[in-house]
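Welcome to this short tour! Open your viewer, get ready to select residues by number, and follow along stop by stop.

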Amino acid sequence: MNMLAILSSPLQWGILLLVCLLVFGAKRLPDIARALGRSIGEFGKARREFEDALNASTREPEKKVETSEEDKPHS
């Protein structure tokens, strides 16, 4: 269930904003929002890098290097 779907009306968003202002204060709220935005951005960047690496590894199968009998050292 999506947690933001619960907050469907503007009144509910207003109450949430009021509670946040009371808990954190007006001075700290922009800093908290900025830090949250950076965290979401870093998470998205890491997710994209992981997906790119996963896609690259599935597109290019590993190449096996086979040695012939002539290439093996003689003992």
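## First stop: a buried leucine

Select leucine 29: with a relative accessible area of 19%, leucine 29 is buried, because buried means under 20%. Keep in mind as you look around that this is a predicted model. Leucine 29 sits in helix α2.

Which residues is leucine 29 in contact with, leaving aside its neighbours within four places in sequence? Show Leu17, Cys20, Leu21 and Phe24, and you have the contacts of leucine 29 beyond those neighbours. Now pick the C-alpha atoms of leucine 29 and leucine 17: they are 9.8 Å apart in space, while the two residues are 12 apart in sequence.

## Zoom out

Switch to a cartoon view of the whole protein. You will find two helices and zero strands. Of the 75 residues in the protein, buried ones make up 3%. Turn on the surface as well: the accessible surface comes to about 7,500 Å², and carbon and sulfur atoms account for 62% of it.

## A nonpolar patch

With the surface still on, colour Leu11, Ile15, Leu18, Val19, Leu22, Val23 and Phe24. Together these residues make a nonpolar surface patch of about 720 Å².

Now click on one member of the patch, leucine 22. Leucine 22 belongs to helix α1, which covers residues 10-24. Is leucine 22 buried or exposed? Leucine 22 is exposed, because its relative accessible area is 68% and the cut-off for exposed is over 50%.

## Salt bridges

How many salt bridges does the structure hold? There are two of them to visit. Side chains of opposite charge can pair when their charged atoms come close.

For one salt bridge, select arginine 34 and aspartate 31, whose closest N and O atoms are 2.9 Å apart. The two residues are three apart in helix α2 (residues 29-59), so about one helical turn separates them. Arginine 34 is partly exposed, at 42% relative accessible area, and aspartate 31 is also partly exposed, at 44%.

For the other, move along to arginine 47 and glutamate 51, whose side chains meet in a salt bridge at 3.3 Å, N to O. Both residues lie in helix α2, four residues apart, about one turn of the helix. Arginine 47 is partly exposed, with a relative accessible area of 40%, and glutamate 51 counts as partly exposed at 36%.

Conventions: Residues are numbered from 1 along each chain as its sequence is written. This is a predicted model: local features need pLDDT of at least 70, side-chain atom pairs count only at pLDDT 80 or more; totals for chains, interfaces and linings use all residues. Side-chain values use heavy atoms; hydrogens and water are left out. Buried means under 20% relative accessible area, exposed over 50%, partly exposed in between (1.4 Å probe, protein chains only). Accessible areas come from the Shrake-Rupley method with a 1.4 Å probe; for residues, only the protein chains shown count as cover. Patches are made of residues with over 30% relative accessible area and no salt bridge: like charges are joined within 9 Å, nonpolar side chains (Val, Leu, Ile, Met, Phe, Trp, Tyr) within 5 Å. A salt bridge is a side-chain nitrogen of Lys or Arg within 4 Å of a carboxyl oxygen of Asp or Glu. Contact means heavy atoms within 4.5 Å.
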